[in-house]
Amino acid sequence: MIRVTVWNEFQHEKENETVRSVYPDGIHMALARGIAGDQVQVRTATLEEPEHGLTQEVLDETDVLLWWGHKAHDQVQDEIVERVKQRVLAGMGLIVLHSGHFSKVFQSLMGTGCDLKWREADEKERIWIVNPAHPIAAGLPEYITLDQEEMYGEHFDIPAPDELVMISWFEGGEVFRSGCTFYRGQGKIFYFRPGHETYPTYHHPQVLQVIRNGVQWAAPSGTAAPVRGHHQPLEPIKSKN
Ligand code: ZN
């Protein structure tokens, strides 16, 4: 059983009628319904809960954390950011969605500014799978078409991804590294681009398939924690004299 926590800042849905019409009970609930299954148990957490719903206990019981944020990145307490980061380094998977590129959690784990180009013009996005052997691409067609999305364009200010799984093309001409993986400590991170709040992207079956695949990929490997520091030899060392 993989234990997933879906974190959403949950602000647009409360303030904007258009967003509420697409996600009546919040982006986190759409995601939770989209990824729950026999082997995946899902809980949700939001910004306004105490400790943003991310207590140490919740994180300790989380195998994979999903992160959607946009307008309230600066309201996320630094102490919680550090707590999430340490859990990732200790092996918790992290899936950062769409405007989460500017979250403190993602910036902290990347070490770069994470800025990009953007435009809201109801344009077509085509997400090309460029690493068809990757587990995150399992069961997907050669590309996914979203009829309307926000554009994100290069240059995306991230470190070179450990694996590039998807590249997006936009109707207006830009391209973007839209499916990227990173390894940090024992943790696995997947950044997945689509998901602007005014479009029904998280109701799209193939988008949800990508996120479900991401959950399976990012789940902890169960590898023993590495031992660091001064180390006694495992075998007797023969004197060279
Ligand atoms: Zn957006």
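This is a short talk on one protein chain, its overall build, its largest pocket and two of its residues.

Okay, thanks everyone. One thing up front: what you have on screen is a predicted model, so please keep that in mind as we go round it.

Let's take the whole chain to begin with. We've got 7 helices and 9 strands. How compact is the chain? Its radius of gyration is 19 Å, and the globule rule gives 18 Å for 241 residues, so the chain is as compact as a globular protein of that length. If you lay the C-alpha trace along its principal axes, you get a span of about 75 × 40 × 35 Å.

Now, inside versus outside. Of those 241 residues, 50% count as buried. The accessible surface adds up to about 11400 Å², and carbon and sulfur atoms account for 50% of that. As for how the chain comes back on itself, take the contacts between residues at least 6 apart in sequence: 70% of them join residues at least 24 apart.

Right, the pocket. Rolling a probe the size of a water molecule over the atoms shows where empty space is left. Here, the largest pocket holds about 170 Å³ of space. Which residues sit closest to its centre? Those are His 70, His 101, Trp 118, Glu 150 and Tyr 152, out of 14 lining residues. Two elements give two or more residues to that lining, namely β5, running 117-129, and β6, running 143-153. Sorted by class, the lining has 6 polar residues, 4 charged and 4 nonpolar.

Last bit: two residues to click on. Start with Glu 13, in helix α1, which covers residues 12-15. Is Glu 13 buried or exposed? Its relative accessible area is 2%, and the cut-off for buried is under 20%, so Glu 13 counts as buried. Skip the neighbours within four places in sequence, and Glu 13 is in contact with Asn 8, Val 19, Arg 20, Tyr 23, Gly 26 and Ile 27. Lys 85, on the other hand, is 72 residues from Glu 13 in sequence and 27 Å from it in space, C-alpha to C-alpha.

Then there's Gln 56, in helix α4, residues 56-60. Gln 56 has a relative accessible area of 37%, which makes it partly exposed. What does Gln 56 touch, not counting residues up to four places away in sequence? Arg 83 and Arg 87. And from Gln 56 to Gly 91 you go 35 residues in sequence and 14 Å in space, again C-alpha to C-alpha.

That's my tour, thanks for listening.

Methods
Residues are numbered from 1 along each chain as its sequence is written. This is a predicted model: local features need pLDDT of at least 70, side-chain atom pairs count only at pLDDT 80 or more; totals for chains, interfaces and linings use all residues. Side-chain values use heavy atoms; hydrogens and water are left out. On a 1 Å grid over the protein atoms alone, a cavity is a set of points where a 1.4 Å probe fits but cannot get out, and a pocket is an open set with protein on both sides within 12 Å along at least five of seven lines; lining residues have an atom within 4 Å of a point. Grid points are joined across faces, edges and corners, and a volume is the space filled by probe spheres set on the points. Helices (H or I, at least four residues) and strands (E, at least two) are DSSP runs, numbered from the N terminus. Ala, Val, Leu, Ile, Met, Phe, Trp, Tyr, Cys and Pro count as nonpolar, Asp, Glu, Lys and Arg as charged, and the others, Gly among them, as polar. The radius of gyration is taken over C-alpha atoms; the globule rule is 2.2 Å times the number of residues to the power 0.38. Buried means under 20% relative accessible area, exposed over 50%, partly exposed in between (1.4 Å probe, protein chains only). Contact means heavy atoms within 4.5 Å. Accessible areas come from the Shrake-Rupley method with a 1.4 Å probe; for residues, only the protein chains shown count as cover.
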